[in-house]
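Subject: Handover of a structure and summary of findings

Dear colleague,

Please find below the structure that I am handing over to you. My findings follow directly after it, grouped by topic.

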Amino acid sequence: MILSYYDLIVIGSGLAGLYTALNVNRSKSVLLITKAELSISNSALAQGGIAGELKHDDAAYERHIEDTLLAGAYMNNMSALKTLVYESSDNLNNLINYGVNFDRDDNGEIMLTREGGHRERRILHAGGDATGREIIKSLLQLVVHKENITILENTMAIDLIINNNKCFGVSVLHKDKIISLYAGATALCTGGIGEIYKNSTNPSVATGDGIAMAYRAEANINNLEFIQFHPTAFYKKTEGAKFLISEAVRGEGGYLRNVEGFRFMDKYHHLLELAPRDIVSQSVYREMYDTWSDHVYLDVTHLDPKFLRKRFPTIYQKCLDYGVDITNSLIPVAPVEHFSVGGITVDIFGKTTIENLYANGECCDSGVHGANRLASNSLLECIVFGRRIAKTINECHVTKNIKNFATHEITLSNFNYGDIRMQIKEIMERNVGIVRKKENLLNAKQVIMKIKADLRNDARVCKAYYEVVNMATVAALIIDAALKRKDSIGCHFRID
Ligand SMILES: Cc1cc2nc3c(=O)[nH]c(=O)nc-3n(C[C@H](O)[C@H](O)[C@H](O)COP(=O)(O)OP(=O)(O)OC[C@H]3O[C@@H](n4cnc5c(N)ncnc54)[C@H](O)[C@@H]3O)c2cc1C
């Protein structure tokens, strides 16, 4: 049953949304809405792991901070970064208490791995290479049984309800109704923007809805030019989300080779294959260009096959499904869009610039990542700031802004806007990818503005319409941000 008022509405069922909702006291009512099924999210696909320190250790925290700063080109917000790292221990232990089974060695100790940019082993993983799936599975079991949390699946948030820079809730598309839902606080946990690129590791729900909604509500949006491209997605020509080959594979000793078989990372960085992700992606791009190829190879054939099958069961099986036995063959890989570093500006309490509106996870810009995210810090960001948002909600005594929730019956269109969606993806892939220049950005801007204008004249009430409008909105924001930043830094690389 939908109530007329909630203490908190959480939008999104990835790690940011689930962990925020779970940390809210039982005395507060929470509505969790999600666009598809509960289990569909970037979080559920996370492979490599979650970074952090299990034990309180100031020296270890400082080294983690230093690695994050190096990866982020020192553009990180120091107070947010300190919060992220210093609160990692409590939150990781909290995940263990929630039932997450991180992988352990024969002595029962939690195993740690390394990924690009980490100078030491500090990444916890679960299910071998299925960390996200395992975390989400544990949290979902708790969320569905917590009596103060109401869940609405297959429900799309369309727009925030705003008056005088204050958020009162959200309008959603639920079955064939548009419903206005009211709450004391609303948290955007809507994830990434991968769907606006032709090649991405993200699932198709990642259309940047939260960022577009916040933008329409006039919240601050920041650093959207920093789009992280993962250097090693399985290379295949067919359309659709690309399968990620986790950086942990390089962390455990994998080599990158160009199509001529030459191991090349020593030309670019002293950390070789474990250089920060932006450097590896740009190096791979360069090698592909120099060898006239659209991919390079990841080589793990020198590693023990038994270890590979045990440590990377998902990757081993998926590659086998694609016809590549990684224990004896090279894995074809290429960079694809992976993570949005920027987003809705939030402070260290997850507060946006709009009163009663919070944001957490990939849709927000907490400042922890700077100009480029250090691997495995994003899952950590979801839990650290999720708990902070929950704490604020637990402590606040809001006066209820009750209005009876309004429902409008509508006639849904089944138009799918597929052509426009593909047009946006192609233009972004071609012009706003790893390597950028002014001329291409301006061309992209022109096309996206035309698409936005056309969409205004061809509005039909359906999920596909709201998604494609959001995609065009976020694409325009990314292009504007990329045009403004004329220098190369972090994962924004200008060749002009
Ligand atoms: C393949 C892959 C591997 C990764 N590996 C790692 C890793 O090893 N370590 C790491 O730290 N990070 C990793 N990442 C990044 C990390 O998974 C994400 O940054 C993080 O999980 C984001 O969590 P989130 O909760 O913010 O968003 P998501 O997990 O993407 O969740 C967003 C949710 O919002 C919902 N939603 C979106 N729009 C709407 C709307 N309009 N209305 C209602 N609901 C909506 C979606 O359906 C979804 O449920 C990986 C990402 C991918 C794609």
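**Helices α4 and α11**

In this predicted model, the axes of helix α4 (residues 88-97) and α11 approach within 10 Å and cross at roughly 100°. An angle from 65 to 115 degrees counts as roughly perpendicular, and α4 and α11 are therefore roughly perpendicular to each other. On the α4 side, the residues that meet α11 are S88, N91 and L95. Their counterparts in α11 are L380, I383, V384 and R387. Sorted by class, this contact of α4 with α11 comprises four nonpolar, two polar and one charged residues.

**Surroundings of the ligand**

Helix α11 (377-395) also takes part in the shell around the ligand. With four residues, α11 gives the largest share of that shell. At least two residues each are likewise supplied by α1 (15-22), α5 (131-143) and β7 (155-163). There are 44 residues around the ligand, and those that come nearest are G12, G14, S43, G191 and G361. As for the chemical character of the shell, 22 residues are polar, 19 are nonpolar and three are charged.

**Domains**

The protein is divided into three parts: domain 1 (1-226 + 341-410), domain 2 (230-337) and domain 3 (412-494). Between the C-alpha centres of domain 2 and domain 3 there is a distance of 29 Å. The contact between these two domains involves five residues of domain 2 and five residues of domain 3. On the side of domain 2 that touches domain 3, helix α8 (residues 277-290) gives the most, with four residues. By class, the residues on that side of domain 2 are two nonpolar, two polar and one charged.

**The antiparallel sheet**

Helix α8 appears again in the description of this sheet. Four strands, in the order β11-β14-β13-β12, form an open sheet with antiparallel pairing. The edges are taken by β11 (227-234) and β12 (255-257); each has a single partner strand, so one side of each is left without a neighbour in the sheet. On average, and with direction ignored, neighbouring strands of this sheet are turned by 45° against each other. The pairing of β11 with strand β14 (residues 331-340) is antiparallel and rests on six bridges. Within it, F234 has V333 in β14 as its bridge partner. Helix α8 packs on the sheet and touches β11, β12, β13 (296-299) and β14. The direction of α8 makes about 60° with that of β11.

**The mixed sheet**

A further open sheet is formed by three strands in the order β10-β15-β17, and its pairing is mixed. Here β10 (221-222) and β17 (364-365) stand at the edges with a single partner strand each, so one side of each is left without a neighbour in the sheet. Strand β15 (residues 343-345) and β17 run parallel and are joined by two bridges. The bridge partner of T345 in β17 is D365. Helix α6 (residues 209-216) lies across β10 and β15, and runs at about 45° to β15.

**Points to look up first**

Which residues come nearest to the ligand? They are G12, G14, S43, G191 and G361. Which helix gives the most to the side of domain 2 that touches domain 3? That helix is α8, with four residues.

With kind regards

Definitions and conventions. Residues are numbered from 1 along each chain as its sequence is written. This is a predicted model: local features need pLDDT of at least 70, side-chain atom pairs count only at pLDDT 80 or more; totals for chains, interfaces and linings use all residues. A residue is near a molecule or strand if its C-beta atom, placed from the backbone, lies within 6 Å of it. Ala, Val, Leu, Ile, Met, Phe, Trp, Tyr, Cys and Pro count as nonpolar, Asp, Glu, Lys and Arg as charged, and the others, Gly among them, as polar. Axes are lines fitted to C-alpha atoms, for helices over the stretch in contact, and angles run from 0 to 180 degrees between N-to-C directions. Angles under 35 degrees count as roughly parallel, over 145 as roughly antiparallel, 65 to 115 as roughly perpendicular and the rest as oblique. Two residues are in contact if their C-beta atoms, placed from the backbone, lie within 7 Å. Domain bounds come from an automatic or database domain assignment. Two strands pair if DSSP finds at least two bridges between them.
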